[in-house]
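Please work through the exercises below with the sequence and the model side by side, and try each task before reading its solution.

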Amino acid sequence: MANFIVKGGKFLEGEIEIGGSKNAALPAMAASLLFKNNPEFRNLPKIEDIFRMGELLKKLRETKEIDFEVAKKIRASILLVGPALARFGKITFPHPGGCVIGARPIDAFLDGWKAMGAAVKEIPPDSSKSINSIPFYELSAPSGLKGRDYTFRVPSVTGTEGLMMTAVLASGSTILRNAAMEPEIAHLAYFLNKNGADIKGAGTHTINIEGSGGALLEGKYPFSAPPDRIEAGSFLILGALLAKELLIKNFAAEELTALTGALKEAGAEFNFDKNFISVKRSPALKAVNVKTKEYPGFATDLQAPFCVLATQAKGASMIHETIFEGRLSYIEYLNKMGAKITLCDPYRAIVNGPTPLRAWTLERPDIRAGLAFILAALLAEGESKIGNIYQIDRGYEAIDSRLRSIGAAIKRI
Ligand code: EPZ
């Protein structure tokens, strides 16, 4: 299994370009099941989750079945279920895998499909029919899916995308209320509308969809993945910590206002210009409290990188994770590196800074904690080792060579 070896303590300098968004590309790829022909995809990031989605789609088209082994690896496999159900009338799938950051239930999806007329059968993990001790689900809609007025209990991002895609092929109108507002949902709706769907309000809490009654879309207009806002935010934090001068190209500033606001408050120095941003290391960072929230609030996917920044800021920063209940487990490693972070409960941590960090062997990250480990290792004196980097490769394209191009000492072994 590959590891990263990172030698810290070097300043970074140069230009780095933001790649295509993973979380915008994954639902758009799943949406290809809603099309007569395969639409063209541009600017897809070359990352493990996108490769897995490609494998899942290939098998699904050939066999009308979801590959359980692959689906278990990525949460985004759930995005295929709605389009597959709408197209084939039935589908079987396992409880989706992905980052271990909390319980990650799928009740919002199941309730939505039931409301639209699907029959849902849950096969528990201990049943004789279960495969590899994971629960799986059998969904069928023999008399088709009908548009409904549905309110999400919690505004789930992939839940909103999943039901929005299902509603595109259902008959009649669907209203999704308390929908998530993340930009990836608006990007998906834009792509589908360009190809004949009728979706209004994506990017707001209420989405209206006129279903086609089963008529498939024509794939005339390509999907071009927008820049990845989480990668962009992470590189901005990196620059505020370690850059002599870093130019970040394709920076979608309007999608990152909660982060840039928090960084300004912390005293970080950066300047926007059209679609790029330049950032310099700020030697006198101040403590700032952040609380993760649904978009346009502070993104949970930027919480771990921001916590690394807080270790270098003067004073006590409260990091409050409100979306996932298991997303602070990386903190024990930052403390081993010399950070002074008190975990108050599974949701809140107080970071006392600034503290120098020392090199360490870092293990078991999720995608975003993995990037935070790279930031911490680049700050630390000495040579750190980061294990299980498959998790990092799931979300960031060639992160090692891109960081080397701006002067980082990071190698894959
Ligand atoms: C998406 O996950 C992203 N994944 C995540 O990015 C991101 O962290 C998350 O949204 C929040 O922004 C993709 O887009 C592929 P949710 P998702 O459903 O959709 C609860 C990364 O690193 N909930 O919006 O799975 C859930 O437990 C990943 O790129 C239910 O209760 O997140 C959580 O508390 C990690 N029932 C809250 O909703 C449900 O049926 C929000 O989760 C579904 C969700």
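The exercises that follow treat the cores, selected buried residues, two strands and the ligand site.

The model is predicted, and for that reason local features are reported at pLDDT of at least 70 and side-chain atom pairs only at pLDDT 80 or more, while totals for chains, interfaces and linings use all residues. Residues are numbered from 1 along each chain as its sequence is written, and side-chain values use heavy atoms, with hydrogens and water left out.

**Exercise 1. The nonpolar cores**

Task: Determine which residues of the largest nonpolar core touch the most other members, and which helix gives the most to this core.

Solution: Begin with the term itself: a nonpolar core is a set of buried Ala, Val, Leu, Ile, Met, Phe, Trp, Tyr and Cys residues joined through side-chain atoms within 4.5 Å, where buried means under 20% relative accessible area, exposed over 50% and partly exposed in between, with a 1.4 Å probe and protein chains only. The largest such core holds 75 residues, and Ile248, Phe306, Ile374, Ile386 and Leu403 are those that touch the most other members. Next, look for the main contributor, which is helix H12 (residues 367-379) with 11 residues; helices (H or I, at least four residues) and strands (E, at least two) are DSSP runs numbered from the N terminus. A second core, separate from this one, comprises 65 residues, among them Ala24, Phe109, Ala189 and Phe191. In soluble globular proteins, nonpolar side chains tend to be buried together.

**Exercise 2. Strand E20 and its surroundings**

Task: Establish which side chains of strand E20 point to the buried face, and which strands pair with E20.

Solution: Follow E20 (residues 383-386) along its alternating side chains: Ser384 and Ile386 point to one face and are buried, whereas Glu383 and Lys385 point to the other and are not. Then turn to the pairing, for which DSSP must find at least two bridges between two strands. Strand E1 (residues 4-7) pairs with E20 in the antiparallel sense over four bridges, and Val6 stands opposite Ser384 there. Strand E19 (residues 361-362) pairs with E20 in the parallel sense over two bridges, with Thr361 opposite Lys385. Finally, take the contacts (heavy atoms within 4.5 Å): leaving out residues up to four places away in sequence, Ile386 touches Asn3, Phe4, Val6, Leu362, Phe373, Ile374, Ala377 and Ile392. Asn3, in the segment before E1, is buried at a relative accessible area of 15%, and its own contacts, counted with the same exclusion of residues up to four places away, include Lys385, Ile386, Lys411 and Ile413.

**Exercise 3. A buried arginine**

Task: Decide whether Arg402 is buried or exposed, and find which backbone oxygens its side chain reaches.

Solution: Locate Arg402 in helix H14 (residues 399-404), and note that Arg402 is buried, with a relative accessible area of 16%. The C-alpha atoms of Arg402 and Ile16 are separated by 7.1 Å, although these residues are 386 apart along the chain. Beyond its neighbours within four places in sequence, Arg402 is in contact with Ile16, Glu17, Ile18, Gly19, Glu231, Phe235 and Glu397. For the last step, use polar contacts, defined as pairs of N or O atoms within 3.5 Å, where within protein one must be able to donate a hydrogen and the other to accept it, and residues adjacent in sequence count only if both atoms are side-chain atoms. A polar atom of the Arg402 side chain lies 2.8 Å from the backbone oxygen of Glu17, and the side chain also reaches the backbone oxygen of Glu397 at 2.9 Å.

**Exercise 4. Helix H10 and Phe298**

Task: Find how many residues of helix H10 are buried, and where Phe298 lies.

Solution: Eight of the eight residues of H10 (residues 303-310) are buried, so this helix is largely enclosed by the rest of the structure. Phe298 lies in the loop between strand E15 (290-291) and H10, and counts as buried at 5% relative accessibility. Outside its neighbours within four places in sequence, the contacts of Phe298 include Gln303 and Phe306.

**Exercise 5. The ligand site**

Task: Identify which residues come nearest to the ligand.

Solution: Of the 21 residues around the ligand (a heavy atom within 4 Å), Ser156, Thr158, Asp301, Ile323 and Arg368 come nearest. A side-chain N or O atom of Ser156 is 2.6 Å from a ligand oxygen atom, and a polar side-chain atom of Asp301 also lies 2.6 Å from an oxygen atom of the ligand. The protein covers 90% of the 830 Å² of accessible area that the ligand has on its own, with areas from the Shrake-Rupley method with a 1.4 Å probe and, for residues, only the protein chains shown counted as cover.
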